[in-house]
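Reader: I'm new to looking at protein models. Could you walk me through how to read a few features?

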Amino acid sequence: MSELQLKILELLKEDSRRDAELLATMLDADTEAVRQAIQDLEEKNIIVKYATVVNWAKVSQEKVTAIIEVQISPERDHGFDAIAERIYLYPEVKSVYLMSGAYDLQVEVEGRGLHEIASFVSNKLSTLERVLSTKTFFILKKYKQDGIIFEDRQGDHRMIVSP
Amino acid sequence: MKRYITPLVQSIPPSGIRKFFDLASGSKDIISLGVGEPDFVTPWRFRDAAVNGLELGRTSYTHNAGLPELREEIANYLHKSFGVKYEPKDEVLVTVGGSEAIDLALRALIAPGDEVLIPEPSYVSYSPIVSIIGGVANGIETFAKDQFKLTAESLEAAITPRTKVLIVSYPSNPTGGIMTREDWEPIAKLVEKHDLIVISDEIYAELTYGSKHVSFASLPGMHDRTIIVSGFSKAFAMTGWRIGYACGHPDIIGAMLKIHQYTIMCAPIMAQLAAMEALRNGMEEKDRMMESYNQRRRLIVKGFRDIGLDCHEPQGAFYAFPSIAKTGLTSDEFATRLLLEGKVAAVPGNVFGKGGEGFVRCSYATSVANITQALERIDQFVQSLRIVAH
């Protein structure tokens, strides 16, 4: 990975709508070189997607999110990967991490209510072969996600004009 | 009650920035490029050092000159970063912001009638402080064609038998101009020749783009003739903490300390603790902020040039100083109308003294989104002027 690509990633992480021309100006680079670098990052799947961070708590259509700790017995040859894939293919699953420590997979599930998540856990997740146990924790409030504070109280408190 | 105020203080005009502040504060939906301080909040670990100090009960006075450990860190830092050596014991004084250090230095050096030279456009405080003390402040005009550098010819022309002090401040607020070693050399010769003392306000020393800052004190023979004034406000995003310092010859620092101990006693201890953490473990944070300023600097300079305003390349600080002469408006008219019609606050160049007319100061210590939108608004405003003119 080049220095330029690293810098581009940092700036896009702050705001993915920044275009090649703006990035080129900020980084004192050639616009075409920036365009190439971004294309390369996309092709290598380093830039996976340009997504939006949404504060769903402010949307009337309420969503419920739960973190589920899952213990599994790994498969010969495939380890945890095959069962992880089996789980992450469910559309209600938002993230899956392989963890060190007391359990194996951390699964984040989103639903329209408690019942949806409950039924996912009992009907789909628990019934999978090799899933030994699950522990479900409902998220009550999101304060910060991906480094972004939802209700930022820091703001800009500076005086509007100063010497 | 005006009659009780001394004629001297009455004669000093209020800051031109103040008038603009009042105007801007009364308007709505303004994007401000008028702010002379970082847009970063003080990095968490510096704040935490102050909190930790409070929890441990560090709430006392400190040594008048500042915590000995902090003075040591300041001396180490100046040596490592700019190659200038100071003895922490009697050549370093911790002050309430760089502002206090400037005031102390001038009060220690200037007797009524002594003349002080100030290259302008410059920071707004020097000349009023000189006047309050009874000195005579004389501006030396610098020009965009010279990248607002101080030239030996203009300095020599301004020196009189009463000239005692030269105040230099590079990187410059408001112009973004800097002085290289080559630029300084002929200045140092004149300082020697005319037996001047130099107050070098190096508050923006860490904010240079391209070439590293050259401290005036690092020039041959200039160590004892220079008082370095600096602080933590800009590089470490610590404006509200009010921690600065002065370094120089023990005789001068000693004289400044005398005034400081009677008027201020010492800088607040919790802010000194935070500053110490900044010097010990804050360089990475500082570099991160620096890089971000540089990215925004490129954006705003290109923006002004695309709009068709001449903008010299600022080499330091966080201000662009575009020329608005083409619009046919004065700085004050331009800035006032830009505020009221274009909804962007910038500071008219004339408030910074000689050579400032025809320019506006635009701080890029604000978000990329703000800069982009402000540039769009300025573009529209400048175009609206053209339509009227034709």
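Author: Sure! Let's begin with a term: helices (at least four residues) and strands (at least two) are DSSP runs, numbered from the N terminus. And keep in mind that this is a predicted model.

Reader: Okay. What should I know about phi and peptide bonds before I start?

Author: Most residues other than glycine have a negative phi, and most peptide bonds are trans. Exceptions make good places to stop and look.

Reader: Which residue is joined to Glu120(B) by a cis peptide bond?

Author: That's Pro121(B), with omega about 5°. You'll find Pro121(B) in the loop between strand S3 (115-120) and helix H6 (126-133) of chain B. Then try the bond from Tyr170(B) to Pro171(B), which is cis too, with omega near -5°. Pro171(B) sits in the loop between strand S5 (163-168) and helix H8 (181-193) of chain B.

Reader: And what about phi?

Author: Phe148(B) isn't a glycine, yet its phi is positive, about 60°. Look for Phe148(B) in the loop between strand S4 (136-141) and helix H7 (152-158) of chain B. Asp195(B), also not a glycine, has a positive phi of about 55°. Asp195(B) lies in the loop between H8 and strand S6 (197-201) of chain B.

Reader: Is Phe148(B) buried or exposed? And how do I tell?

Author: Count the other C-beta atoms within 10 Å: 20 or more means buried, 12 or fewer means exposed. Phe148(B) has 28, so it is buried. Asp195(B) has 9 such neighbours, so it counts as exposed.

Reader: Buried residues make me think of cores. How many residues are in the largest nonpolar core?

Author: It has 116 residues, and Ala105(B), Met238(B), Ala246(B), Ala274(B), Ala275(B) and Val344(B) have the most contacts inside it. The core takes at least three residues from each of domain 1 (2-41 + 284-389) and domain 2 (44-282) of chain B. There's also a second, separate core of 15 residues, with Ile87(A), Val96(A), Val107(A) and Val109(A) among them.

Reader: Can we zoom in on one core residue?

Author: Take Ala274(B). Leaving out residues up to four places away in sequence, Ala274(B) touches Phe46(B), Arg47(B), Ala49(B), Ala50(B), Met238(B) and Trp241(B).

Reader: Last one: how do I read where the two chains meet?

Author: List the residues in contact on each side. Here, 12 residues of chain A are in contact with 22 residues of chain B. The chain A side divides into six nonpolar, three polar and three charged residues.

Methods
Residues are numbered from 1 along each chain as its sequence is written. Chains are lettered from A and ligands numbered from 1 in the order in which they are written. This is a predicted model: local features need pLDDT of at least 70, side-chain atom pairs count only at pLDDT 80 or more; totals for chains, interfaces and linings use all residues. Two residues are in contact if their C-beta atoms, placed from the backbone, lie within 7 Å. Ala, Val, Leu, Ile, Met, Phe, Trp, Tyr, Cys and Pro count as nonpolar, Asp, Glu, Lys and Arg as charged, and the others, Gly among them, as polar. A nonpolar core is a set of buried Ala, Val, Leu, Ile, Met, Phe, Trp, Tyr and Cys residues joined through C-beta atoms within 7 Å. Domain bounds come from an automatic or database domain assignment.
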